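Here is a friendly walk through one protein chain, from its sheet to its cores and its cysteines. Have the sequence and the 3D view open as you read.

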Amino acid sequence: MINSFKKVIKDNKIELFYITFLIISLLVISIPRLFTQYSIGIGNWDTYLYLENARSFASMGWGDVASISPVVPYILSLFFRIINSTPQEAIFNLSVLMYIVGTVSLYLIFRFKFNHMISYVGSIIYATFTLLYSWVAIGGNDITGVSLTLLTIYLILLAHEKNNKYYYIAMPIAAFAFLSRYTAGVMIFSIIFYLLINKISKNEFKTFIKGSVLGVLCVSPFLYHFYRILSTPFPFLGQFSGTVNNTKVLDAGYLPDTMYYIKHIPNYITSYIPHTGATFENVVNPMGNIPSVISYVFIILCIIGIFLIFYNSYKYVIKSNRRLLTGNNQINIIIALILTIICLISINSVSYIITTILALSVLYIIKHILEDYDIWYLNYDLLMLSLLLVYIIFQSILSTKNDRYFITVLPFIAYFITNALYYIYNFIDFKIEIKNIKISTIISIVVVLFLLGNSLCYNNNIPEENHFNNIQQACKWFDDNCEFDNTTVIYSDNWPAVSWYLNVYCRRGVPDVTMENTTWTFTKNILKSNDEHEPASFYIDTNNENKMDYVGLSKIKSINDVQIYQNTFEKEYNIRSRGLLEYKDYYNMLFKEHMNESDYYD
């Protein structure tokens with residue numbers, strides 16, 4: 001066994017060198033990012049959500065387990081079981097680890113086409129994208145989801161190219177990727193597309209199915225947990241029905257602009273935080289940053305990389321004796337053009353699934369037209385193109401948008417940038433050589449050093465002003481000055497953070513500021529008893545820029561941008577409102593002008 005291990009190392013010595021060097025490069029930029037985050041503390045409300053659910057997994061108690069993918073919270077819950085608490089730093093470290101796993105996986109994906117040096121450069125380009133690097137060490141499931149997606153794609157390629165048994169590893173990891181970030185499940189479209197264009201054998205298909213079954217079995221403990229706590233093993237199906245139908249949600253991220261991500265791609269690739277008026281919000285949402293010249297260079301290279309796939313195919317067709325425009329191919333081309341037009345028209349008017357299937361159908365027809373020309377890497381390139389299209393379509397059509405969602409698209413943008421460099425390097429090395437040193441090697445060293453240095457400069461310019469510190473201070477004041485326990489009904493628009501700091505269950509309360517009579521509608525709902533809870537005793541407002549006077553709520557404390565409200569009835573009479581007839585009469589009189597017959601509290 002030792003001899004076999006030595007042989008593997010010897011046969012893959014250069015590969016291991018580049019992977020080791022890549023990991024060292026990633027540590028150079030991620031460790032300073034990690035320590036910066038240590039000094040800032042938690043910088044995004046999602047981080048609290050994962051920590052809160054980690055506590056839920058550990059104790060099998062309260063938690064918002066239905067709304068969050070369980071893998072990251074489950075990993076963090078191990079800290080609860082071991083040391084009875086989870087330091088905030090745990091989720092930062094996990095984020096860095098998954099960042100490295102994802103980048104190395106992308107390097108290995110690149111190696112199916114590119115040499116070591118180009119694959120290394122492409123991986124560094126991906127690792128230093130501003131949007132991705134911004135989220136390193138913040139905590140969350142976006143990087144974990146995309147990293148496990150990349151690892152899945154690598155193993156799928158390995159299973160098809162080398163040994164079908166890799167499906168037994170690939171599909172369980174795909175299942176964990178899905179339960180790390182539900183949107184990772186979108187990759188199944190591209191996986192099926194790849195298997196179809198390769199016309200896999202019956203035995204390979206059987207192995208793929210067995211691997212898929214194994215994947216379901218591997219995540220069955222999570223499904224059982226959901227069933228035991230929530231009475232359904234698939235609580236995420238409700239979210240999927242919403243995304244399939246693109247249902248409007250009550251969320252601060254509601255943004256139906258289909259071109260939102262396309263317009264902000266320069267900010268996501270390489271951008272700088274403004275010198276004035278910047279806060280930590282510029283880190284988690286770089287759409288307000290200043291794009292650099294390098295960003296536009298990379299965008300041009302990405303477009304060139306996509307163009308070269310079709311240009312390379314065109315050269316194969318020209319060199320071949322086979323005639324392209326046969327009767328069948330002419331019909332296929334017309335069908336592809338029609339489907340492309342329908343696909344463009346369907347954007348934002350139907351489910352993303354329809355648009356995605358149309359786009360992949362066009363790629364399938366292209367493959368069918370070109371399959372007789374034996375074009376190198378065509379299937380591989382089409383897989384990468386399908387992944388780019390699938391994720392751009394999904395994220396663009398989805399009505400809820402947030403900058404970090406676009407992280408899923410970044411690896412495939414990096415691929416086409418790398419593809420352009422691949423052809424540029426080949427051209428340069430063919431034309432110029434200096435004392436047996438390739439010009440591409442010199443260019444690669446300069447590019448890598450610049451990108452790593454640029455990331456370190458970005459990290460040094462991260463503002464530490466963070467309104468989550470205000471939430472922590474507000475919760476400390478609340479803990480010291482207000483009477484509450486696990487039965488107290490507390491609402492907040494940042495319920496994960498409040499839950500974490502107060503160590504009690506806080507409910508989601510987000511006023512829909514787009515509605516008329518917002519203050520009446522919101523408080524009418526939270527101050528009334530229903531099947532789930534008693535009337536709210538407190539509301540903690542953290543995100544609304546214009547703090548409103550909520551009917552039935554009294555302001556009791558302001559700490560910077562955080563406002564704490566108390567149920568006015570309970571404040572004036574110093575008594576809990578639950579079950580009191582006097583409170584019901586008070587509620588009915590308070591909202592009399594804004595209620596229908598069925599709204600009355602009785």
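Contact here means heavy atoms within 4.5 Å, and angles between axes run from 0 to 180 degrees between N-to-C directions. With that in hand, please keep in mind that this is a predicted model.

**The sheet and its helix**

A good place to begin is helix H23, residues 495-502, which lies across E5, E6 and E7 and runs at about 135° to E5. Those strands belong to an open sheet of five strands with mixed pairing, in the order E6-E5-E7-E9-E8. Strand E6 (507-508) and strand E8 (553-559) stand at the edges; each has a single partner strand, so one side of each is left without a neighbour in the sheet.

Strand E9 (residues 562-567) has six of its six residues buried, so E9 is largely enclosed by the rest of the structure.

How do the strands pair up? Three of the pairings are set out here.

| Strands | Direction | Bridges |
|---|---|---|
| E5 and E7 | parallel | three |
| E7 and E9 | antiparallel | four |
| E8 and E9 | antiparallel | six |

If you would like individual residues to click on, E5 covers residues 490-492 and E7 covers residues 538-541, and Ile-490 has Phe-538 in E7 as its bridge partner. For Asp-541, the bridge partner in E9 is Gln-563, while Leu-553 stands opposite Asn-567 in E9. E8 and E9 form a hairpin with two residues between them, and Asn-560 in that turn has a positive phi of about 55°.

**The nonpolar cores**

In soluble globular proteins, nonpolar side chains tend to be buried together. The largest nonpolar core in this model holds 160 residues, of which Tyr-99, Phe-129, Met-384 and Ile-413 touch the most other members. Leaving aside residues up to four places away in sequence, Phe-129 touches Tyr-268, Ile-269, Phe-298, Leu-410, Ile-413, Ala-414 and Ile-417. A second, separate core has 16 residues, including Val-489, Ala-536, Val-551 and Phe-591.

**The cysteines**

How many disulfides does the model contain? With a cut-off of 2.5 Å between cysteine sulfur atoms, the count comes to zero. Cys-506 is in no disulfide, as its nearest cysteine sulfur, that of Cys-475, is 8.1 Å away.

Is Cys-506 buried or exposed? Cys-506 has a relative accessible area of 1%, so this residue is buried. Cys-343 also counts as buried, because its relative accessibility is 9%, and the cut-off for buried is under 20%.

Notes:
Residues are numbered from 1 along each chain as its sequence is written. This is a predicted model: local features need pLDDT of at least 70, side-chain atom pairs count only at pLDDT 80 or more; totals for chains, interfaces and linings use all residues. Side-chain values use heavy atoms; hydrogens and water are left out. Buried means under 20% relative accessible area, exposed over 50%, partly exposed in between (1.4 Å probe, protein chains only). A nonpolar core is a set of buried Ala, Val, Leu, Ile, Met, Phe, Trp, Tyr and Cys residues joined through side-chain atoms within 4.5 Å. Two strands pair if DSSP finds at least two bridges between them.
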